[in-house]
Amino acid sequence: MPQTPLRTDRLELVPLSDEHIELEVELDADALVLRYLHPRARTRDEVVAKHAERMKCASLVDGLGMWIGFTRAQQREFVGLWMLQPLHGPSQTFAPDEADLGYRLLRRWWRQGYASEGARELIRHGFDDLGLTRIIAQTMAVNRPSRATMETLGMRFARTFHEHYDEPLPGVEHGEVEYELRRSDWL
Ligand SMILES: CC(C)(COP(=O)(O)OP(=O)(O)OC[C@H]1O[C@@H](n2cnc3c(N)ncnc32)[C@H](O)[C@@H]1OP(=O)(O)O)[C@@H](O)C(=O)NCCC(=O)NCCS
């Protein structure tokens with residue numbers, strides 16, 4: 001099953017495709033947006049490489065992947081990137097009925113409820129349409145905005161863990177946190 005386009009009151013969420021590369025370049029050009037994710041703004045070439053990884057991830061499990069969010073207002077504007085990805089990476093164990101939620105917005109859209117609005121729809125989609133049983137989200141312990149968003153979504157703190165980074169970000173000594181939402185609790 002290919003990824004489905006989704007909608008909320010204010011957002012249109014479109015499955016990520018090659019036509020969105022310039023939007024990803026714009027998003028990752030802001031070092032503040034990447035403050036808890038990467039040591040510096042990404043160059044265009046780095047984003048193009050990232051885009052290929054993101055597209056690959058979208059092909060691993062039916063329905064999961066990344067979505068580009070636009071406003072549904074008359075003037076359709078790019079807001080950010082939302083993710084519902086298969087579990088992957090050193091601190092995640094793959095399970096076909098679980099997924100990793102993420103979000104990253106252009107700075108001008110912060111604090112207006114957009115991240116949680118889009119994420120709520122991805123959670124609904126994951127549980128209702130894709131049959132997931134558990135959705136997690138991970139971030140640096142010091143990423144207050146991301147943790148606040150997880151809490152707003154009704155996700156529960158699950159654990160703190162530590163990862164090795166070649167270029168550690170400030171605050172890494174506090175570790176990473178994982179939040180989770182189980183389908184049974186969401187219902
Ligand atoms: C994290 C991020 C996506 C939040 O986006 P947002 O659209 O501002 O979030 P929302 O407006 O939906 O807010 C959700 C909740 O978090 C709270 N929140 C958001 N930013 C906050 C901040 N800087 N400090 C404290 N609380 C914050 C909101 O008040 C809201 O809580 P409420 O429902 O109790 O009012 C945004 O800050 C961002 O893109 N950051 C950079 C990328 C990033 O770090 N992504 C996460 C990586 S894992």
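This report walks through a predicted model, from its sheet and core to the shell around its ligand.

## The sheet

Let's start with the strands. Eight of them make an open sheet, and reading across gives E1-E2-E3-E4-E5-E6-E8-E7, with mixed pairing. The edges are taken by strand E1 (6-7) and E7, each of which pairs on one side only.

Towards the E1 end of that order, E2 and E3 run antiparallel and are joined by five bridges. Here Pro 15 sits opposite Trp 67 in E3.

## E6, E8 and E7

At the other end, E8 has neighbours on both sides in the strand order, E6 and E7. With E6, the pairing is antiparallel and runs over seven bridges; one pair to look at is Ile 135 and its bridge partner in E8, Leu 181. With E7, E8 again pairs in the antiparallel sense, this time over five bridges. Arg 159 stands opposite Glu 178 in E8, and Phe 161 has Glu 176 as its bridge partner there.

E8 itself has two faces: Val 177, Tyr 179 and Leu 181 are on the covered one, while Glu 176, Glu 178, Glu 180 and Arg 182 are on the uncovered one. So both of the E8 partners just named for E7, Glu 178 and Glu 176, belong to the uncovered face, whereas Leu 181, the partner of Ile 135, belongs to the covered face. As for E7 (residues 156-161), none of its six residues is buried, so the strand lies largely in the open.

## The nonpolar core

The largest nonpolar core has 37 residues, and the ones with the most contacts inside it are Met 66, Trp 67, Trp 82, Leu 101, Ala 119, Ile 123 and Ile 135. At least two core residues come from each of strand E2 (11-15), strand E3 (65-71), E4, E5, H3, strand E6 (134-140) and E8. Helix H3 gives the largest share, six residues.

Ile 135 makes a handy viewpoint for this part of the model. Leaving out residues up to four places away in sequence, Ile 135 touches Ala 99, Leu 101, Ile 123, Gly 126 and Leu 181. Two of these contacts, Leu 101 and Ile 123, are also on the list of residues with the most core contacts.

## Helix H1 and an exposed loop residue

Over in helix H1 (residues 21-28), the buried residues are Glu 24, Leu 27 and Asp 28. Looking down the axis of H1, they fall within an arc of 85°, so they line one face of the helix. That buried set packs against helix H2 (44-58), strand E4 (78-86) and E5.

For contrast, take Asp 62, which is in the loop between H2 and E3. Asp 62 is exposed, with 11 other C-beta atoms within 10 Å. Asp 62 and Glu 24 are 38 residues apart along the chain, and their C-alpha atoms are separated by 23 Å.

## Around the ligand

The ligand has 22 residues around it, and the ones that come nearest are Ala 115, Ser 116, Thr 139, Pro 145 and Ala 148. By type, the shell splits into 10 nonpolar, nine polar and three charged residues.

Where does the shell come from? Strand E5 (98-105), helix H3 (114-129) and helix H4 (144-152) each contribute at least two residues, and H4 has the largest share with six. E5 and H3 also each supply at least two residues of the nonpolar core.

Technical notes
Residues numbered from 1 in each chain as written. Predicted model: local features only at pLDDT ≥ 70, side-chain atom pairs only at ≥ 80, totals over all residues. Near = placed C-beta within 6 Å. Helix = DSSP H or I, 4+ residues; strand = E, 2+ residues; numbered from the N terminus. Nonpolar A, V, L, I, M, F, W, Y, C, P; charged D, E, K, R; others polar. Buried ≥ 20, exposed ≤ 12 C-beta atoms within 10 Å, placed from the backbone. Arc of directions from axis to C-beta. Contact = placed C-beta atoms within 7 Å. Pairing = 2+ DSSP bridges. Core = buried A, V, L, I, M, F, W, Y, C linked by C-beta atoms within 7 Å.
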